[in-house]
Amino acid sequence: MNISVAINTFNRPEALSECLNSLSKQSKRDFEIVIVNGGEKLQVEAIANNFDLRIKIVQQNKGDLVEARNLCWQESKGDIVCIIDDDLVTSNIWIEEIIKT
């Protein structure tokens, strides 16, 4: 089963870094991350490069949260798509528990 974790972010580098850090500690490692970024592109790229994860960054030049969430759906390839905000810090079995459900 393919899992996508889609993250909305807008100029909150510390929150995004903590979120990605928690995702990097998942017991199940076979998932993609799609970051829909409404803010500074280079900042998000620099943060994403700190992690050994499959990350795709989609730049949203204008729009609101609804449009950002729609981009999450469009850009995700997983059978299951988990759309989260950049301030979510997950437990290390979060993906595993989603698959069980």
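The exercises below, each with a worked solution, concern a predicted model of one protein chain.

**Exercise 1. The fold**

Task: State how many helices and strands the chain has, and in which order they come.

Solution:
- Step 1. Count the elements: the chain has four helices and four strands.
- Step 2. Read along the sequence: the pattern is β-α-β-α-β-α-β-α.
- Step 3. Compare the radius of gyration with the globule rule. The chain has a value of 13 Å, close to the 13 Å that the rule gives for 101 residues, so the chain is as compact as a globular protein of that length.
- Step 4. Add the extents: the C-alpha trace spans about 35 × 25 × 20 Å along its principal axes.
- Step 5. Look at how contacts are spread along the sequence. Of those between residues at least 6 apart, 67% join residues at least 24 apart.

**Exercise 2. The nonpolar cores**

Task: Find which elements give two or more residues to the largest nonpolar core, and which gives the most.

Solution:
- Step 1. Start with burial in general: buried residues make up 42% of the 101 residues in the chain.
- Step 2. Recall a general tendency: nonpolar side chains in soluble globular proteins tend to be buried together.
- Step 3. Turn to the core itself. The largest one has 16 residues, and those touching the most other members are Val5, Ile7, Leu20, Leu23, Phe31 and Ile33.
- Step 4. Assign the core to elements: β1 (3–9), α1 (13–23), β2 (31–37) and α2 (41–48) each give two or more residues. The most come from α1, with four.
- Step 5. Take one member in detail. Leaving out residues up to four places away in sequence, Ile7 touches residues that include Leu16, Leu20, Leu23, Ile33, Ile35 and Ile84.
- Step 6. Note that a separate core of seven residues also exists, with Ala6, Val36, Val58 and Leu71 among its members.

**Exercise 3. Helix α1 and one of its residues**

Task: List the buried residues of α1 and the elements they pack against, then decide whether Ser17 is buried, partly exposed or exposed.

Solution:
- Step 1. The buried residues of α1 are Pro13, Leu16, Cys19, Leu20, Ser22 and Leu23.
- Step 2. An α-helix has 3.6 residues a turn, so residues three or four places apart point the same way.
- Step 3. The buried residues of α1 pack against β1, β2, α2, β3 (54–59), β4 (80–85) and α4 (94–100).
- Step 4. Ser17 also lies in α1. Because its relative accessibility is 27%, between the limits of 20% and 50%, Ser17 counts as partly exposed.
- Step 5. Beyond residues up to four places away in sequence, Ser17 touches Ile47 and Phe51. Its C-alpha is 8.7 Å from that of Asn50, although the two are 33 residues apart in sequence.

**Exercise 4. Two residues in one loop**

Task: Decide whether Ser24 and Lys25 are buried or exposed.

Solution:
- Step 1. Locate them: Ser24 is in the loop between α1 and β2, and so is Lys25.
- Step 2. Ser24 has a relative accessible area of 18%, which is under 20%, so Ser24 is buried.
- Step 3. Lys25 has a relative accessibility of 52%, which is over 50%, so Lys25 is exposed.
- Step 4. Add the surroundings. Ser24 touches Arg29, Phe51 and Leu53, not counting residues up to four places away in sequence. Lys25 and Trp94 are 69 residues apart in sequence, with their C-alpha atoms 9.8 Å apart.

**Exercise 5. Pocket and cavity**

Task: Describe the volume and lining of the largest pocket, then those of the largest cavity.

Solution:
- Step 1. The largest pocket holds about 210 Å³ of space. Its lining has 15 residues, and Asn8, Thr9, Phe10, Leu65 and Ala68 lie nearest its centre.
- Step 2. By element, β1 and α3 (65–75) each supply at least two residues of the pocket lining. By type, the pocket lining has four nonpolar, six polar and five charged residues.
- Step 3. The structure has one cavity of 30 Å³ or more, and the largest cavity holds about 40 Å³.
- Step 4. The cavity is lined by Thr9, Asn11, Arg12, Pro13, Leu16, Asn37, Glu40, Gln43 and Val44. The elements giving two or more of these are α1 and α2. The lining divides into three nonpolar, four polar and two charged residues.
- Step 5. Examine one lining residue, Asn11. Asn11 sits in the loop between β1 and α1, and its phi is near 55°, a positive value in a residue other than glycine. With a relative accessible area of 42%, Asn11 is partly exposed.

Note on methods. Residues numbered from 1 in each chain as written. Predicted model: local features only at pLDDT ≥ 70, side-chain atom pairs only at ≥ 80, totals over all residues. Heavy atoms only, no water. Core = buried A, V, L, I, M, F, W, Y, C linked by side-chain atoms within 4.5 Å. Buried < 20%, exposed > 50% of the residue type's maximum accessible area, 1.4 Å probe, protein only. Contact = heavy atoms within 4.5 Å. 1 Å grid on protein atoms, 1.4 Å probe; cavity = no way out; pocket = protein on both sides within 12 Å on 5 of 7 lines; lining within 4 Å. Points joined across faces, edges and corners; volume = space filled by probe spheres on them. Nonpolar A, V, L, I, M, F, W, Y, C, P; charged D, E, K, R; others polar. Rg over C-alpha atoms; globule rule 2.2 N^0.38 Å.
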